[in-house]
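Reader: I've got a model open on my screen and a coffee in hand. Could you walk me through it, question by question?

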Amino acid sequence: MDLTFSPAEEAFREECRTWLAEHVPAEPLPSGDTREGFALHLEWERKLFDARWSVVSWPVEFGGRDASLWEWLIFEEEYYGAGAPQRVTQNGIFLLAPTLFEFGTQEQRDRFLPRMAAADDLWCQGWSEPDAGSDLAGIKSRAVRDDAAGGWRITGQKTWTTRGAFCNWLFGLFRTDPEAERHHGMTYFLVPLDTEGVTVRGVGRLDGDEGFAEVFFEDAFVPDDLVLGGVNEGWRVAMATTSSERGLTLRSPGRFTASAARLIDLYRRRGDAANPTSREAVIQAWMDAEAYRLYTLADVTEVVEGGSPGARSSLNKIWWSELDVRMHEAALGLLGPYGELAGEAHAAVDGGSWMKGYQFSLSGPIYAGTNEIQRNVIAERVLGLPRK
Ligand SMILES: Cc1cc2nc3c(=O)[nH]c(=O)nc-3n(C[C@H](O)[C@H](O)[C@H](O)COP(=O)(O)OP(=O)(O)OC[C@H]3O[C@@H](n4cnc5c(N)ncnc54)[C@H](O)[C@@H]3O)c2cc1C
């Protein structure tokens, strides 16, 4: 096993590092899940795009650099290591884009990818419904054929739509054949949120940010050219998106190795050497982040050689989401009562970011498919255990 990067990859790392050192905002931006913070994050996204850093692994024609998967991992390490802003465009560039590359027509790719890379179009994910979360195949929102108009009429409701209130497009699953078996008869649609009959209503989160939305559809018309991957093929297309969401793209190791480095820095500033419990929690978090990095290198090797992690991406998802919680718990353990101070309090440490990060980390075992569901997937599809 050779864990060294080539001279060209090291040069790429240097280029990323230099650009980020010159451009990352000195002060962290306000949360991208507030309206004001989202607008500031968009400015940042456009800066990234202008310098061709917004979608490094995409082909040049769509705004990328044709970077290899290795270079993409390097970029992510440098990005998070530099403390750069969260990617508010993530649902488009990390979830929908890989699906568009795999299932989109050339016309759809040309139309959507460059605008997505430039943060001109902002995408949200419309899968969950009030009665269908884990049981995604239980969705009830439907699309009915309108032959005369050359498209579909959508009716129903989506919920928990991350940053839906700030986006202008939604990719979602809708039932197109009510007679078909549960996992069949669904279609993946790309829906402009300014379509007549679509209402987006923002929902506040427990931490005060307004990032979520509910989206209502009442006979909203969507033309045929906004079907992705074929009518009644939605489940197959959606499974490709979940593999990106749980696997490599949504949460790369760079995010966690950077948090582990910040945690060690916090320990140096606030740790109590006489308290072995907190020291062990910090060391364990660092080792777990490093283990995730090494595991990902093995995964990428497999992908580069033509394989696919498939259902094993569920292992990834459990690992990073639980690691994130433990890492923030370790930080709050070091901070004691100071961890509870809000960012603006004068004695707050690191702008209150550990508590904010902790609160968000608690949602990791829920979004992208709950960890109970991932364990079911691993049991049945990785280990081959019986369903009952
Ligand atoms: C921060 C965040 C962002 C999100 N963003 C989006 C988004 O952008 N778009 C979107 O469509 N959705 C989004 N979601 C919704 C998310 O996908 C759902 O919350 C998730 O799939 C769980 O569905 P549910 O909330 O309906 O819970 P339920 O499915 O009702 O589950 C409740 C509990 O029962 C357990 N459970 C359910 N079925 C089983 C089973 N078969 N075996 C064992 N345990 C089971 C679950 O694990 C969970 O603990 C987001 C959620 C969060 C927290």
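Author: Sure, and one term comes before anything else: helices and strands here are DSSP runs, with a strand taking at least two residues in state E, numbered from the N terminus. By that count, Asp219 sits in strand 7, residues 212-223. Keep in mind that this is a predicted model.

Reader: Okay, what is phi of Asp219 near, and is Asp219 buried, partly exposed or exposed?

Author: Most residues other than glycine have a negative phi. Asp219 goes the other way, with a positive phi near 60 degrees. Buried stops under 20% and exposed starts over 50%. Asp219 has 45% relative accessibility, so the label is partly exposed.

Reader: Which loop holds Asn232, and what is its phi?

Author: Look between strand 8 (227-228) and helix 6 (234-246): that loop is where Asn232 lies. Asn232 counts as partly exposed because its relative accessibility is 31%. It is not a glycine, yet its phi is positive, at about 65 degrees.

Reader: Let's go to Thr187. Is it buried or exposed, and which side chain does its own side chain join in a polar contact?

Author: Thr187 belongs to strand 5, residues 186-192. Its relative accessibility is 0%, so it counts as buried. Leaving out residues up to four places away in sequence, it touches Gly172, Leu173, Phe174, Val227 and Asn232, among others. The polar contact between side chains is 2.6 Å, and the partner is Thr176.

Reader: Pro192 is in strand 5 too. Which residues is it in contact with, beyond its neighbours in sequence?

Author: Pro192 has a relative accessible area of 16%, and buried means under 20%, so Pro192 is buried. Along the chain, Val222 is 30 residues from Pro192, while their C-alpha atoms are 8.4 Å apart in space. Setting aside neighbours within four places in sequence, the contacts of Pro192 are Asn168, Trp169, Val198 and Leu226.

Reader: And Pro178, is that one buried or exposed, and how far in space is it from Thr199?

Author: Pro178 is in the loop that links strand 4 (169-175) and strand 5. With a relative accessible area of 66%, over the 50% cut-off, Pro178 is exposed. Pro178 and Thr199 are 21 residues apart in sequence, and C-alpha to C-alpha the distance is 24 Å.

Reader: What does Val203 touch, and how far is its C-alpha from that of Leu335?

Author: Val203 is part of strand 6, residues 198-203, and at 23% relative accessible area it is partly exposed. Beyond residues up to four places away in sequence, it touches Asp209, Glu210, Gly211, Phe212, Ala213 and Glu214. Leu335 is 132 residues away along the chain, and the C-alpha separation is 31 Å.

Reader: Now the big picture. How is the protein divided, and how far apart are the C-alpha centres of domain 1 and domain 3?

Author: There's domain 1 (7-88), domain 2 (123-232) and domain 3 (247-382). Nine residues of domain 1 are in contact with 15 residues of domain 3. Between the C-alpha centres of domain 1 and domain 3, the distance is 21 Å.

Reader: Where does the ligand lie, and which helix gives the most to the shell around it?

Author: The ligand lies between domain 2 and domain 3, because both give residues to its shell. Of the 16 residues around the ligand, Ser128, Ser134, Thr162, Thr370 and Glu372 come nearest. By class, the shell has six nonpolar, nine polar and one charged residues. The top contributor, with three residues, is helix 11 (residues 371-382).

Reader: Which polar protein atoms are paired with ligand atoms, and how much of the ligand's area does the protein cover?

Author: A polar backbone atom of Trp127 is 2.9 Å from an oxygen atom of the ligand. Side chains also take part: a polar atom of Thr162 lies 2.7 Å from a ligand nitrogen, and one of Asn376 lies 3.0 Å from a ligand nitrogen. On its own the ligand has 980 Å² of accessible area, and the share the protein covers is 64%.

Reader: Last one: where is Ser313, and what does it touch?

Author: Ser313 is in helix 9, residues 313-335. Its relative accessible area is 4%, so it is buried. Not counting residues up to four places away in sequence, it touches Ser243, Arg246 and Gly247.

Key: Residues are numbered from 1 along each chain as its sequence is written. This is a predicted model: local features need pLDDT of at least 70, side-chain atom pairs count only at pLDDT 80 or more; totals for chains, interfaces and linings use all residues. Side-chain values use heavy atoms; hydrogens and water are left out. Helices (H or I, at least four residues) and strands (E, at least two) are DSSP runs, numbered from the N terminus. Buried means under 20% relative accessible area, exposed over 50%, partly exposed in between (1.4 Å probe, protein chains only). A polar contact is a pair of N or O atoms within 3.5 Å; within protein, one must be able to donate a hydrogen and the other to accept it, and residues adjacent in sequence count only if both atoms are side-chain atoms. Contact means heavy atoms within 4.5 Å. A residue is near a molecule or strand if one of its heavy atoms lies within 4 Å of it. Accessible areas come from the Shrake-Rupley method with a 1.4 Å probe; for residues, only the protein chains shown count as cover. Ala, Val, Leu, Ile, Met, Phe, Trp, Tyr, Cys and Pro count as nonpolar, Asp, Glu, Lys and Arg as charged, and the others, Gly among them, as polar. Domain bounds come from an automatic or database domain assignment.
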